[in-house]
Amino acid sequence: MLTDTATSRFAVMTSLPAGSVTMTATGPLGRLRQRALDVTIPSMGELMFDPDIAHAVENFRIAAGRAEGEHRAAPFMDGDLYKWLESAVVAAPDAPQLAGRVAEALDVIAAAQQPDGYVHTKTTIAARTDRAIAPLTDRLNFETYNLGHLITLGCLHRRLTGDETYFAMAVRAADYLLQAVREQPEAIADCNICPSHYMAVIELYRSTRDERYLTLARTLLDLHGGKGGAGGDDNQDVYPVQDQPVATGHAVRANYLFAGMTDYALESGDEEFRAAVTRLWEDVVASKLYLTGGCGAVYDGASPDAAQDYSTISKTHQAYGRPYQLPHTTAYNESCATLGFVLWSWRMLLLTGEARFADEIERVLFNSLPAMLDAEGLAYFYTNPLRQVRDLPFPMRRAGDPERTTPPASDDRSRQEYMTNCFCCPPNIARVIAELPYYLYSQDAESVWVHQFVPGTAQLEVAGVPLEITQTTRYPSEGSIRIRVKAQSPVRASIRIRRPGWAPGTEVRVQSEPVTAVENGYLVIDRTWSDEEISVEIPLRPRVTVAHHFLEESTNQAAVVRGPVVYCVESADLPDSLGIESVHLPFPAEWQEQAGTGLFTDQVLLRTRAVTLPATVPHGTLYGELVEQPGTELDLVLVPYAHWANRGPGRDDRLAAVAPLCPTLRRRLMTRLSFIHTGAVVIPTISALAADHLPGVETHHLLDDKIVADLGRDPEGSGVRDRLRDLVHAAKRGGADAVMFSCSSISGFAAGLQAELDLPVLRIDEAMADEAAGLGTRIAVLATLPTTLAPTVALLHERAELAGKEIEVAEVLVQGAFEAVSTGDQTGHDRLVAEAITKRASQADVVVLAQASMASAAAAVDTPVLTSPELGVRRAAALLGSQ
């Protein structure tokens, strides 16, 4: 429904049909949307229709000659009204009271639209008294931005209702752009700020299949860039758009442009555009995106900053900065920029089918998006800082306030119900929340993708057969998701379940059978469906997250993330005399999870013991000597960043301070490592390696030599998991800082036990799998036990996918070798394994020995032969910090 790519030849998937997805009003996103239906969208509509506040509809009445007066509000208020109407149109099936407002607005917009399709209330009203005023003479009038949102509204209105009235206005607006491109190309090239019209005319092309609109989109994109010194990075128009090297400048303008470019790639298949949007998206995610999904870090800047050639530098605002320029307190993060990133990432998902784009959408949906508005659904943030503090010694403008007004104090920058100078973000927030159901799934003729885990139901057709998909879950509080797939009649189809990039241990089963096939980050279930249940288990645990060392402002700081949810420290949870800057997070830390209530319903709160330290450098002093100071322990509560600044005024009637990133204290190096073995034969080898690579680390060994035999009888290993849990728990009670499984047969249990017992559980074969994926695409796996083949192959595919590699794996079971070593015939074992290596080496880029016990048999061949013991122990040394 969001983007109808059903007939787009270069799209992997399309949105589900209008009205096909419902969300249960539970969980963080279900509650967010229900509140928008009940409060946010209706109350915003009242503002839009109120002539004394927004004056948005009144501007159209005046432009249509139905009322007297002057234009009021920003020149882009027309577009903001269209965005609100889009939210109302999408919400109307669930909030029928909105339909009257949609019809009322239609009447005055149609009356204000000129015969040639042009509609812009500011220009139309002003031209009545000043004939010198004409369309497309001032880029800051945002005419094409406004027209783009009108065209998008028209496409979605017809798609949802079947009514042609708004759509007819959209067609006339697009025809005006066609005329303007022919008659005023230079004016159109200049009036391209926040270019919603690129996405819009392509959506109109999808709705009509009229090639003129696709050609118009390409012309507009060609006119946008290539201006050289006459352009600037703030508007991304120095280079031809497909040659734009990095994401720069005004982040809303950039993300709207890049989304439009992606739309063009979806419809044309143009490889230059596809490469460009991929390059630009990766630039943002790798070096310019906040942990919360916010983007556009800089209030004001210069780009390219620090350029050798001064003549290339241009002023920027509300902008992407240098790579890794991500300040916390002065983060701008305009809400519209982040929502533009969602629009762009959605189109990249349609173009590629890669789960990494859905991962980034999830990051925004559970963090930045809900933080943009308050718990009542009535007030909004324009900017979204990562940290809010007291007594900041310089003012920062609040973009929604008029110029020449005094900005509020640094810890009193609260959300606003109406932004008198710039109301663009609230209707954008409203429409994205209204459209949340359509970010959950996609489909093609024979497949369905499950992108997000939200309770509710989808009704669709696959291969001509009606299909109902129902999700039941308390995600992200819990990691269990149940997906019922019910077909009207048996139908063959693929259901693709996103495996979050942050949770490679995600397990999917259908009718209790494990799913192992993975494509583009989605676990693929290809079968005939009648009435089956898919179970998804996503391991959830607090992850202490640090930033790249180039991100200087985050040096020696860490954030805590559980699942997709970013947590923060808020002054409401601290003693009155304590500022957030004094809180230090120990590492490692022990976490307790607590079910949230009230504001935090359907969320998990995190508790730990932290340390508070007094400030080393007092106010009025820039530097001071670092001295050892005693810390004071503190019971610390972390809450989701999504709900910050919702608990009333802070101390002294000021807004509560917040910080998702805290200074960290590393308490000590890990000094005790427990190895868990399934056979005694490897203990001497691993002990020797530990002595070489883990100086200062005490190691000890736990053995259960019946596990392999039991796995042979019961491949599911339910009883084995319980025994391994007991062994890991025993190691933890014995003071172990980490555990390493030395046998590939049990590697698959590591992630789940780590999450359950809150202790690092390392896999000895993981480093080997990483190296194998880096050495080639043809990998031969040799094992002496059948129970180790499947987990080793699965691990290789998992690690290769994480590295973005495609591999082919040949499986070889060396017959008789395990029997030989079991009877004490090490020589016979080594001979059989060496012969198998020699036989397979010429057919592979790398040979992997699946068991640690095979290391002594590595043969001298030209092909690399990898064994797990040394690589695994070296990986452990790096992780334990002793190397």
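**Figure 1. Partly exposed Arg 363 and its salt-bridge partner in helix α14 of the predicted model.** Arg 363 has a relative accessible area of 24% and is therefore classed as partly exposed. Its side chain meets that of Glu 360 in a salt bridge, with an N to O distance of 2.7 Å. Glu 360 has a relative accessibility of 8%, so this residue counts as buried. Both residues belong to helix α14 (residues 355-371); because they lie three residues apart, about one helical turn separates them.

**Figure 2. A salt bridge between strands β19 and β20.** The side chains of Arg 609 and Asp 635 meet at 2.6 Å, N to O. This pair links distant parts of the chain, 26 residues apart: Arg 609 lies in strand β19 (residues 604-612) and Asp 635 in strand β20 (residues 632-640). Arg 609 is partly exposed, at a relative accessible area of 38%, whereas Asp 635 is exposed, at 52%.

**Figure 3. A salt bridge between helices α18 and α19.** Arg 721 and Glu 756 form a salt bridge whose closest N and O atoms are 3.1 Å apart. Arg 721 is located in helix α18 (residues 718-733) and Glu 756 in helix α19 (residues 750-757), so that distant parts of the chain, 35 residues apart, are linked. Arg 721 is partly exposed, with a relative accessible area of 24%; Glu 756 is also partly exposed, at 42%.

**Figure 4. A network of salt bridges with shared partners.** Arg 159, Glu 203, Arg 206, Arg 209, Asp 263, Glu 267 and Arg 347 are joined into one network by salt bridges that share partners. A search of the whole structure finds 61 salt bridges. Side chains of opposite charge can pair when their charged atoms come close.

**Figure 5. An open, parallel sheet of four strands.** The strands follow the order β30-β29-β31-β32, and their pairing is parallel. Strands β30 (808-813) and β32 (865-866) stand at the edges; each has a single partner strand, so one side of each is left without a neighbour in the sheet. Six parallel bridges pair β29 (residues 778-783) with β30. Within this pairing, Ala 783 stands opposite Leu 813 in β30.

**Figure 6. Helices α21 and α23 against the sheet.** Strand β29 pairs with β30, and helix α21 (residues 786-802) packs on the sheet, touching β29, β30 and β31 (846-849). The direction of α21 makes about 165° with that of β30. Helix α23 (residues 826-841) lies across β29, β30, β31 and β32 and runs at about 165° to β29.

Definitions and conventions. Residues are numbered from 1 along each chain as its sequence is written. This is a predicted model: local features need pLDDT of at least 70, side-chain atom pairs count only at pLDDT 80 or more; totals for chains, interfaces and linings use all residues. Side-chain values use heavy atoms; hydrogens and water are left out. Two strands pair if DSSP finds at least two bridges between them. Helices (H or I, at least four residues) and strands (E, at least two) are DSSP runs, numbered from the N terminus. Contact means heavy atoms within 4.5 Å. Axes are lines fitted to C-alpha atoms, for helices over the stretch in contact, and angles run from 0 to 180 degrees between N-to-C directions. A salt bridge is a side-chain nitrogen of Lys or Arg within 4 Å of a carboxyl oxygen of Asp or Glu. Buried means under 20% relative accessible area, exposed over 50%, partly exposed in between (1.4 Å probe, protein chains only).
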